[in-house]
Every structure is written in structure tokens, then in C-alpha cells.
Amino acid sequence: MTVFTVSFCGTACTRDEGEATRSDSDMRIYSPETGYIPVRVHKEISGDLHATRPSVTVRGVGQNDWSQPGNTSEPLVLSGPLTVPKDLLSEAQKYSGGDRRSTTSQLTGWEAAALALHGANLAAASGAQAYNFIGHSRGAVECIMAAWFIQAYGSPAVKNIPIRVIAIDPVPGPGTWYGILTQLPPNVVSYVGVTAWDHLDTGFNGLVPRPNARMAGSTQTLSLGGDWMNLADNYQLTDPLAPPKSGATQPSDYTLFACRGRHGTVAGNATADGQYDAANVSASVARVGQLVYKLARGYLTQWGTVFTAKSAVGQSALQLRQEIHLDHAQLDNMAGGPLRDSVKPLRPYVRRVSSISGSVPWNTYYLEDVVGDPPYRQPYPVTAAAGKDGGWVRWNFL
């Protein structure tokens, strides 16, 4: 096997999310063409939801593996082939097997490290020559954590295997964002991040990780920290959201996209308000998930993942983009309407992002300010205070 693909599910999502209905998640909220994108991608690679090669899924934080039975989860692969320290193994074992469905876990997110270690071990055991990781929400953050665990605890051969990441609206949550979340390790050779434009819920600040040294053209070498939480603390490179310095070049193999819709919309949720009522599904909103699905399949194919099923979305990416921006009323209404100027302090209608810490308000940026001006033909609602030049890294608008 040349490439092994791992799909990390978001918080509260099962490994059959979007493919089966359970009491708190109706599969009909997802676009039929895309389902829940990380799960559908795995199904279209391996042909079966329960398959573990050439791709595999990892359940979401605070949830069990499958909709049925919905009260238990499978043991996590924690003790090998990666050689992990006792403190990480002890922490991860708390979340292995049994009934893992927990509102508390969903809020705190501490389980993410265990799930990332599980995914990293599955990749390391695959024998593949390259790993492709795709994830949504905390699952997208787990992609980065898993890469760090491979970098730090893999054998000399495994730690140098190239990893490519598609992160769909990565959101660590309201707690501390430590270094293995905010910095890409050296073994990540390509990173694609998608950030939802219209999501404003508290605690959903978007993560934009720092490019590694190779991407940024830097000569800085990796110096690993002591314990697992601090692995990357000595390797925090240039903030991609900071104002550009004179003569700074764009990082290579590091691509950021801004996308219309809410946090769930970009992963396939097709409801008009980004919530969970299947009676509120909208063809206008579904196009966003269809576009991200096309983007994900395109990058994964370019990176060597082989799909056994053809794309379920017939329209081209260009057609979908044109339709989204011609029919955008419901997307506008998701977060304050078509005109988002407000006399309220702190610009409440603007998404916040960070590559430092999501738990400290002054360590975040307004998304509008760091992406610069959207193209005039694309109706991205902005406030009067929007930044015009953007941060160091240029963004693409879907």
C-alpha cells in the first residue's frame, strides 16, 4: 500500500455519521451527495464503513464508534507501534473502550489526544509510504496532533514518512491551545485548511496552524519539548495571521481557504441555519458542502489516495462556486445578514481565528482582517472595519 488515509471525525460524530440516523443526529441533515465529508471520503476509498484499509475512520470526541450499538466504543490502539511516554499512554487509556458518549468530554475536548494517538498508531502500523489525514472540527486538530506523535514517537523510518493534511474548519474548543495544536511538525509536507466564514458561536474560534520551517523557507531546526503537551513549544514559527514583514515570501505547500457557511455547513450539513433539523435542508446551502467535498477529493487524489467510487457531485467546482455566490441569501442570514456593520463593541458578526490560543480573547484575530478583501464578485459580507491587506499568508476564497 502506497498511501494510508485516516479520516478524523468531529466532536460528537460517530464513524457512520451522515450514513445512519441516531437519536441526536438525523442523516438527512447532510447533503445526499456528500454525507458527512470525512466519513463519506473513507467510504468512497475503502468501499465499506467498517473497513480499516486502505483508509480508516476515527470517532469524534465524546462519542461512540457507531450509531448501533450506540452505548459502547472499540478499544483504541495506544501502545504501539509508536513508542509513547507513560504520561501520554496513561492519559489516553482513560478514553479507550466503553461508553464514551459524554457531554462533558464534548465540551472539554481532552479526549482528542487519545484519538489522535489512536489514528497515529493506525497510520504507523499500515506499512504505507505516505499518510493522508482529513478531519473536521476537533478531528481536523487531531490530524496535526497525530502528525506530532508520529514525528516524536515513531521509529526513524516512520517519523520521516510524509503526511498531508486537509483540515475542515479546525476548532480546538475553548480550552488551552498548546503547541502541538498551533504548529505543523516537519513531517507535514502539505497542509490545506478550510475556515467557515459565517460561524460565530462562542468557543468556535478557528485554528490556523503555523507553517513548518520547510514551508516557510526557514532554517530553524526542530527541538522537541519534554512532555507530550510541550513537544512543539520550542518550535513555534511565524504566525501566518500576523501582518506581513517586508520581503516575506508566501509559504509553500500551505494553502488556506475561506468558505461561506457555518461550522457544520463546510462538512456537509445542508440545513439553512447550520443546525440539525432535517426539515430545514436547503439546496442553496448544500452547494457549500458539495464544493468542499470536491476540494477534498481533488487534493486527496493528487496526494495518491485512490477512490473506488466516482465523485457523487456532478457539477464542477467552478459551477458550484458561481451558484453559491449567485444564491447566497441563506448563507448571509447565518451570521447577521448581508450587511454586518454593527454599533456593538468587539464586532460580534465576525469569525475569530488564532494560531496562538483560543482561550485568550486578545490572542485572536478577526477573520476579515487576516484574509484581506474578498473578490468583489463574491458576496462575502464584511463589516466597515474589515482589514484591507490581510496577514502574512494570502487566503483563497471558495
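Buried means under 20% relative accessible area, exposed over 50%, and partly exposed in between (1.4 Å probe, protein chains only). The model is predicted: local features need pLDDT of at least 70, side-chain atom pairs count only at pLDDT 80 or more, and totals for chains, interfaces and linings use all residues. Residues are numbered from 1 along each chain as its sequence is written, and side-chain values use heavy atoms, with hydrogens and water left out.

**Exercise 1. Overall form**

Task: Work out whether the radius of gyration of the protein agrees or disagrees with that of a compact globule.

Solution:
- Take the radius over C-alpha atoms; the globule rule is 2.2 Å times the number of residues to the power 0.38.
- For 398 residues the rule gives a value near 21 Å.
- The protein has 20 Å, which agrees.
- Add the extents: the C-alpha trace spans about 55 × 50 × 40 Å along its principal axes.
- Add burial: 60% of the 398 residues are buried.

**Exercise 2. The sheet**

Task: Give the strand order of the seven-stranded open sheet, and say which strands stand at its edges.

Solution:
- Helices (H or I, at least four residues) and strands (E, at least two) are DSSP runs, numbered from the N terminus. The protein has 11 helices and 10 strands.
- Two strands pair if DSSP finds at least two bridges between them.
- The order is β2-β1-β3-β4-β5-β7-β10, with parallel pairing.
- β2 (55–58) and β10 (395–397) are the edges; each has a single partner strand, so one side of each lacks a neighbour in the sheet.
- Check one pair: four bridges join β1 (residues 3–8) to β2. In this pair, F8 stands opposite V58.

**Exercise 3. Helices on the sheet**

Task: Which strands does helix α1 touch, and which does helix α8 touch?

Solution:
- Contact means heavy atoms within 4.5 Å. Axes are lines fitted to C-alpha atoms, for helices over the stretch in contact; angles run from 0 to 180 degrees between N-to-C directions.
- α1 (residues 37–46) touches β1, β2, β3 and β4, and makes about 155° with β2.
- α8 (residues 283–302) touches β3, β4, β5 and β7, and makes about 170° with β7.

**Exercise 4. R340**

Task: Is R340 buried or exposed, and which backbone oxygens lie by its side chain?

Solution:
- Locate R340: the loop between α10 (329–333) and β8 (352–354).
- Its relative accessible area is 1%, so R340 is buried.
- The backbone oxygen of A335 lies 2.9 Å from a polar atom of the R340 side chain. For the backbone oxygen of G337 the distance is 3.1 Å.
- Residues that R340 touches include W197, D198, R260 and Y349.

Methods: A polar contact is a pair of N or O atoms within 3.5 Å; within protein, one must be able to donate a hydrogen and the other to accept it, and residues adjacent in sequence count only if both atoms are side-chain atoms. Lists of a residue's contacts leave out its neighbours within four places in sequence.
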